[in-house]
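Hi,

Here is the structure I promised to pass on. Have a look at it first, and then read on for what turned up.

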Amino acid sequence: MAAMMIVDFQNYFIFILLCIFSVLCYHLFFMKQKESKLSFDLPPSPPSLPIIGHLHIILSLLIHKSLQKLSSKYGPLLHLRIFSFPIVLVSSASVAEEIFKAQDVNVSSRSLPTSEGSLYFGSSSFITAPHGDYWKFMKKLITTKLLGPHPLERSRGIRADEVKLFYSNLLDKAMKKERVNIGEEAMKLTNNSMCKILMGKVCVEDAERVRGLVAKTDSLTKKIFLASILRRPLEKFGISLFKKELMGVSNRFDEVLERCLVEHEKKQEEKGVDVMDVLIEAYRDENAEFKITRNHIKALLVDLFIAGSETTSNIIEWTMAELINNPKILEKLRGEIDLVVGKTRLFQETDLPNLPYLQAVLKEVMRFHPPVPLVVRTFQEGCEVNGFYIPEKTTLVVNGYAIMRDPDVWEYSEEFKPERFLASSQEEDKIRETVLKYIPFGSGRRGCPGSNLAHLFIGTAVGVMVQCFDWRIEEERVNMDEAAGAVSLSMAHRVHATPVTRNRDLLT
Ligand code: HEM
């Protein structure tokens, strides 16, 4: 009897606890929402689950596709919530244009979850920096002295050397009739070139270690991206995700980059040669508009490695996959390259402006397989968009993937058709970008500052692979499935193909 009473008492106690917890949850998650709904009209919201709201959609494996489905059913401007924290989902060019034109400054911060003391997505990072003095100073430096037309011209020799190595390596595999993991080779090419552009030739051994670290950050970046959407609820519950993992990667980056920084400081007679030199110059400038620190230098290098490597190598892999699956497009492209570049010298990046079909192919790949399918920002202040009120601190998610496959804007939107870009003049392309139908590099002042460098990397790598080799696969077609849970849209199955030489060795 006594035992029964104890069990009853325990059940009763659990019941009371559950009641208290439910009331707390109700207040925490719903009362706040009701208040806000009374004072303004939020954009329409699709059905949600109790308490968690639309969390299950955000946690789906192919987020960009789940969100695309949601918007095609419920509309291009939606209000979602994770618990009580608001997200605005934009899936049409016209709404994106309205936001990036009228609210560009207001949405020019990302509010990613930064980790104090970490170089990687830490408080010194450029990618996570709020739109303030530090970001403005660095942005100017990046667009003029680091990734602008002049510095890119200066680093042309580095890229040319790396492309020759890339070609030699493929040629070697062709001679041995070995299969090539195209994504892996593309990653080596972009990483090697990036290391030399950013850190010069002083730190060759360190560059090797940086390459290893960049490869390791891939899965962590995915988690951080998810955390950027879930940032506010996580903060509310005091959950600091991945701190240990983040600090581990950051410490290893710090060790390598600090050593490289010291090496650079020693050889200061030769100024402004690579990105690190330029940053040291800014760091030493007493009259600079913003006084950057050593941590800013190291964090920017980490940012550039992370932002530039995987995105670029993924596009090279998607392009080769599309070309292998579309032999007619491959033949047409090869015809153009043979005509312009010929068969007696190796393709080089100065050929790119003379190859309109190659440019059309690359634009179509970036429309169809955008490496960064979702652009995430934060509304700093409350504002009106499309007749609806957006509260301050709302997370903005622009689904570039959905916009660039929108059947109302793109004819045959689900088909790979480079010709759509060939028919259009440069003028028309510009219009497309300004009305935000084509946004693989994001938009507004926080848009990608590395797009020119990316075009050079991708165009030259694809140019060489098409000019010099036929590509044989064991299957009938390349499997074009997208990898689940990726931030940068990558292929679910790596492309393995055997190169077969078309020309004699073009380096001899
Ligand atoms: C195909 C290759 C690439 C694609 C598709 C791409 C795409 C993007 C996108 C969509 C964004 C966010 C833009 C926004 O919020 O509106 C971004 C930001 C950024 N990208 Fe790229 N990117 C590529 C290559 C590169 C390269 C090669 C670099 C530099 C080496 C780079 C550096 C950056 C940086 C630093 C940011 C942050 C900009 C800021 O916060 O102001 N990206 N990129």
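Let's start with strand β7, residues 395-399, in what is a predicted model. Of the 5 residues in β7, 5 are buried, so the strand is largely enclosed by the rest of the structure. In a regular strand, side chains alternate between the two faces of the sheet. You can follow that here: T395, V397 and N399 point one way from β7, while L396 and V398 point the other way, and all of them are buried.

Which strands pair with β7? One is β2 (residues 85-90), which runs parallel to β7 and is joined to it by 4 bridges. Another is β4 (residues 374-378), which pairs with β7 in the antiparallel sense over 5 bridges. If you want a spot to click on, try T395: its bridge partner in β2 is I87, and T378 of β4 stands opposite T395 as well.

There is also an open sheet of 3 strands, in the order β3-β9-β8, with antiparallel pairing. Here β3 (180-181) and β8 (469-472) are at the edges with a single partner strand each, so one side of each has no neighbour in the sheet. Between β3 and β9 (residues 496-501) there are 2 bridges, and the two strands run antiparallel. N181 has H496 as its bridge partner in β9.

Now the ligand. It is surrounded by 23 residues, and the closest are A307, G308, G442, C448 and G450. The elements giving two or more residues to this shell are α13 (294-325) and α19 (451-468). Of the elements, α13 gives the most, with 7 residues. What is the shell made of, in terms of nonpolar, polar and charged residues? The split is 14 nonpolar, 7 polar and 2 charged.

C448 deserves a stop of its own. It is among the residues closest to the ligand, and it sits in the loop between α18 (426-434) and α19. Is C448 buried or exposed? It has 20 C-beta neighbours inside 10 Å, and 20 or more is the cut-off for buried, so C448 counts as buried. Leaving out neighbours within four places in sequence, C448 is in contact with F441 and G442, and G442 is itself one of the residues closest to the ligand. The UniProt record, an unreviewed entry, has a "binding site" annotation that covers C448.

On to the packing. The largest nonpolar core has 83 residues, and within it L198 and A461 touch the most other members. The largest share of this core comes from α13, with 14 residues, so α13 is worth colouring when you look at both the core and the ligand shell, where it gives 7 residues. Setting aside residues up to four places away in sequence, A461 touches F166, A186, L189 and I316. Apart from this core lies another one, of 37 residues, which includes L70, F83, A96 and M404.

Last, the overall picture. The protein has 19 helices and 9 strands, and buried residues make up 41% of its 508 residues. Among contacts with a separation of 6 or more, 76% are between residues 24 or more positions apart.

Over to you!

Conventions:
Residues numbered from 1 in each chain as written. Predicted model: local features only at pLDDT ≥ 70, side-chain atom pairs only at ≥ 80, totals over all residues. Near = placed C-beta within 6 Å. Nonpolar A, V, L, I, M, F, W, Y, C, P; charged D, E, K, R; others polar. Buried ≥ 20, exposed ≤ 12 C-beta atoms within 10 Å, placed from the backbone. Pairing = 2+ DSSP bridges. UniProt positions renumbered as here; feature names shortened; annotations may be inferred. Contact = placed C-beta atoms within 7 Å. Core = buried A, V, L, I, M, F, W, Y, C linked by C-beta atoms within 7 Å.
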